[in-house]
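Reader: Pick one part of this model and walk me through it up close, then show me what surrounds it. Keep it casual, but give me the cut-offs as you go.

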Amino acid sequence: MSEPGPEVSRAAPDPKASAAGSGPRAIPQRRRLRPFVMAALLASAACVVLATALLCQDIPLRISASNAAQLTVVQTVDEYAWKLVRHPDGRHMAFVGWEKPVQIRETRRFEQVDEIGQGKRIIHFAFSPAADKIAFCETGTTMVEVHDRGTGQRLELDAQSDQPGMEFSPDGQLLVAGGYGTTVPVWDIASGELVRTLDTGARVKGGLTPAFSPDGKILAVGNRNATTCLFDVATGKLLHELPNGSTHGLRFNPSGTRLAIGYVDGSVRIWSVADGRLLAERKTPAQEIYAVDWSPDGSLLATCGLKGAITIWRVGEDLEVVRELPAPEWVIDVKFSADGRTLVTSGGTQAPGERTVRVWAVRVRDLVAGLASRFSAGLGN
C-alpha cells in the first residue's frame, strides 16, 4: 500500500470575505462606459438619418440673417401676379393678376386649388382674418364687393375713389378702402354702414394705400402724391403725419411698433409708430421701391422695386443689407410665407411681357454646401 501523502491544511472561511464576495462584482471601467458610447453612436446615427431625410426632401429652413446668403430660387411659376396676398391659414396665397380672376394656390408646391371672381376684371383683393369673407374691386369702378363665402351674401360698397385697394381689420369687423383720392372710408362689415371717413388733408389726389396695425388700433394711409398719415381707428383722430411723401408699399412690423415704407425715390424708411419719429433710412439704387414686407419674427425686411435688387435687410437701430437677390428690371411685390421659410416675389419686364412668380428658400443642401465652402476657404488661409 502506498503511503498516504501529507495532509493539506484548509483555512477556515473568513466571514468578512464571504460577505464581500456575496455582493456585486466590481465592473471594469471599459464596461461602465459602453452604454454611454452606444448612446452617443445612436444619437449620431439619428442625426445622420435626419440630415439625410432633410436633404432628400429639400425642406427649407426659416430665413434668417445668418443663412440669407444661401437663398436661392427653388421654383418659378409662370404667372403674373401684381399683388400677392397671404391667406389667413398660412398655407395658401392669392395671386392677383391685373383684370383677371384671382388664383388661390397652396404654398407647398404653388399649385392652383381655387379661383375667385370668374369672369371679373379684378385688380385688388383681400381676405378677412377668418377667410370666411373676401373683398375685391374691378377696374374702372369705385365699388368694393364683399362676399361671404359661407352664406353667399354680398355687399357692394362705394369707395368714391377709383381702383380702391381694401383691407380688413385684424378682428374682421371693419373694412377700409384706398384708391385714387384724399379720403379713406371705414365700414362696419356686418351692417355695411359707413362708420367714418378719414381725411388725409392732402391738397391733391393720390393713390392711397391703407394698412392696419396688428392690433387694429392704428391705420396707416400711404399716399403716392403726398405724406403718410397715421389715424386712431376708434376715434378717427390723426395721430401723426410722416413728413416724407410719395409712398408705395407700407407695412407694420409684427409687434406694431414700427412702420416700414417704400418710396417713389427708391428709399426705405422705418418710422416709430408711437411718436412718428424717423428711426432708420436708406437710399437704394432702385428707381422706386414698390413693396415692403417683414419676416414673421420682425427681424428682417424685404423690399423690391424698379431697376433694383430684391433686398433683405436686418432691422435694428439701423437698416443693414443682409442679401441682395438678383432681380428683373421690375419687381412689383414681395411676401414672406407665414412660416418664414420662403420668400415669394413677382415681376419681370417693366413693359407687359415676360413676368413670373419666383419662390426663394434656403435649402439644407445649399446651407451645407455654403458652410463647406467657407470651411475650405478658411483652411486655405
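Author: Quick ground rule: two strands pair if DSSP finds at least two bridges between them, and the strands themselves (E, at least two residues) are, like helices (H or I, at least four), DSSP runs numbered from the N terminus. The model is predicted, so local features need pLDDT of at least 70 and side-chain atom pairs count only at pLDDT 80 or more, while totals for chains, interfaces and linings use all residues. Residues are numbered from 1 along each chain as its sequence is written, and side-chain values use heavy atoms, with hydrogens and water left out.

Let's zoom in on strand β30, residues 355-363. Eight of its nine residues are buried, so the rest of the structure largely encloses this strand. Buried here means under 20% relative accessible area, with exposed over 50% and partly exposed in between (1.4 Å probe, protein chains only).

Now for the partners of β30. Strand β29 (residues 342-348) runs antiparallel to β30, and seven bridges join the two. G348 stands opposite R355 of β30, and the two strands form a hairpin with six residues between them. Strand β2 (residues 72-77) is also antiparallel to β30, joined to it by five bridges; there, T76 has R358 as its bridge partner. Strand β1 (residues 60-61) pairs with β30 in the antiparallel sense too, over two bridges, and L61 is matched with V362.

There's also a hole to look at. The structure holds three cavities of 30 Å³ or more, and the largest has a volume of about 60 Å³. A cavity is a set of points, on a 1 Å grid over the protein atoms alone, where a 1.4 Å probe fits but cannot get out; lining residues have an atom within 4 Å of a point. Points are joined across faces, edges and corners, and the volume is the space filled by probe spheres set on them. β29 and β30 each supply at least two residues of the lining of the largest cavity. Its lining includes T345, S346, G347, T356, R358 and W360, along with I310, P326, P328 and V331.

Stepping away from β30, the largest nonpolar core has 31 residues, of which V102, F125, V144, V146, M166 and L175 touch the most other members. Such a core is a set of buried Ala, Val, Leu, Ile, Met, Phe, Trp, Tyr and Cys residues joined through side-chain atoms within 4.5 Å. The largest share, five residues, comes from β7. A second, separate core of 16 residues includes A68, C304, L325 and V334.

Elsewhere, an open sheet of five antiparallel strands runs in the order β13-β16-β17-β18-β19. β13 (179-181) and β19 (238-245) each have a single partner strand, so one side of each is left without a neighbour in the sheet. Three bridges join β13 to β16 (residues 206-212), antiparallel again, with G179 partnered by L208 in β16.

For the wider backdrop, the protein has three helices and 30 strands, and buried residues make up 44% of its 381 residues.

Terms used:
On a 1 Å grid over the protein atoms alone, a cavity is a set of points where a 1.4 Å probe fits but cannot get out, and a pocket is an open set with protein on both sides within 12 Å along at least five of seven lines; lining residues have an atom within 4 Å of a point.
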